[in-house]
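Trainee: Could we go through this model together? I would like to know how each label is earned.
Mentor: Happy to, so let us look at it side by side.

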Amino acid sequence: MHGRTIDLAISTQRLTKRYRTLVAVESLDLEVGRGEVFGFLGPNGAGKTTTIRMLTGLLLPSSGTATVAGFDVVEQPLEVKRRVGYMAENPFLYEKLTGREFLRFVADLHSVDPTASRERAQRLLALFELADKADASIDSYSRGMRQKLALSASLMHEPEILFLDEPTSGMDPRSARTVKDMLTGLARRGRTVLVSTHILEIAQHMCDRVGIIANGRLLATGTLDELRGGRDASLEDIFLELTGGPEAEELAAFLGDG
């Protein structure tokens, strides 16, 4: 086994994923520091989810390398999986279990001590206002409740690094604010969060840095000030400027005709 490097939480070099003639992610070079909340932004189909799946060991890259928590995602996938939490945009949940049973199941998969598991589950259920439904079957949960349960599950083993794919999808504004506050609090305690989202307002107010990806290529990374480059521009302005295609040109033409 290779030695563990600890400078960065996430590091990729020319990471690429191809599906026959389709290149989903191309030559991605990315660095995310420990204790950072990093926003991964891009249009639908840009390559965000494919990248996250490679970084969590769920998908083999076609070429290039990546290390997460200091371990190679291809050569040391189990070491990576022990140290990361992952929440998919549409998480799979065992719907006949109760919320509490599901959290206990996930904790058992990670060999979490039963006493610690019960305490963590109770804290997370309370935090996300699920305590009253903890013993109801998941098939009775709303979409927002399922998202909150999936996020709770990703935290049960207290991972070093969290990968969250559209974590606030389906949540009400109060719950989304709770998620934002929790993630920034985790980062202050040294955890690393990579969050993929299309809600630019959340990224603008929560993330230390962002990366903007389109058509499988990373277009820009940096703090909001760095991306502005001295201009008075919002993250939305920058995002649309970098990712704008024919739709943006057509919209500009339409507005110009008005």
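Trainee: Leaving aside its neighbours within four places in sequence, which residues is leucine 41 in contact with?
Mentor: This is a predicted model, and in it leucine 41 is in contact with Lys48, Thr197, Leu200, Ala203, Val210, Gly211, Ile212, Ile213, Leu235 and Phe239. Leu41 also belongs to the largest nonpolar core, a set of 49 residues, and is listed with Leu149, Leu151, Leu164 and Leu183 as having the most contacts inside that core. Helix H5, residues 143-155, gives the most to this core, with six residues.

Trainee: What makes Leu41 count as buried?
Mentor: Membership of a nonpolar core is for buried residues, and buried means under 20% relative accessible area, so Leu41, as a core member, falls under that cut-off. There is also a second, separate core of 25 residues, including Phe40, Ala46, Phe71 and Ile161.

Trainee: Why is the pair of phenylalanine 92 and tyrosine 94 called edge-to-face?
Mentor: A pair of aromatic rings is described by the distance of the centres and the angle of the planes. Here the centres are 5.0 Å apart, within the 6.5 Å limit, and the planes are at 85°, over the 60 degrees required, so the pair is edge-to-face.

Trainee: Why is phenylalanine 92 called exposed, while tyrosine 94 is called partly exposed?
Mentor: Exposed means over 50%, and phenylalanine 92 has 61% relative accessibility, so the label fits. Tyrosine 94 has 40%, which lies between 20% and 50%, so it counts as partly exposed.

Trainee: How do you know that tyrosine 94 also pairs with phenylalanine 105?
Mentor: Their rings are 5.4 Å centre to centre, within 6.5 Å, so they pair; at 85° between the planes, the pair is edge-to-face as well. Tyrosine 94 sits in the loop between E6 and H3 and phenylalanine 105 in helix H3, eleven residues apart. At 32% relative accessibility, phenylalanine 105 is partly exposed. The count comes to three aromatic pairs, and ring pairs link Phe92, Tyr94, Phe102 and Phe105 into a cluster.

Trainee: What lines the largest pocket?
Mentor: The largest pocket has a volume of about 690 Å³. Of its 23 lining residues, the closest to the centre are Tyr86, Val106, Leu109, His110 and Ala153. Helix H2 (77-83), strand E6 (84-87), helix H3 (99-109) and H5 each give two or more residues to the lining.

Trainee: How do the lining residues divide into nonpolar, polar and charged?
Mentor: The lining has 16 nonpolar, five polar and two charged residues.

How values were computed
Residues numbered from 1 in each chain as written. Predicted model: local features only at pLDDT ≥ 70, side-chain atom pairs only at ≥ 80, totals over all residues. Heavy atoms only, no water. Core = buried A, V, L, I, M, F, W, Y, C linked by side-chain atoms within 4.5 Å. Buried < 20%, exposed > 50% of the residue type's maximum accessible area, 1.4 Å probe, protein only. Helix = DSSP H or I, 4+ residues; strand = E, 2+ residues; numbered from the N terminus. Contact = heavy atoms within 4.5 Å. 1 Å grid on protein atoms, 1.4 Å probe; cavity = no way out; pocket = protein on both sides within 12 Å on 5 of 7 lines; lining within 4 Å. Points joined across faces, edges and corners; volume = space filled by probe spheres on them. Nonpolar A, V, L, I, M, F, W, Y, C, P; charged D, E, K, R; others polar. Phe/Tyr/Trp six-rings, centres within 6.5 Å; stacked < 30°, edge-to-face > 60°.
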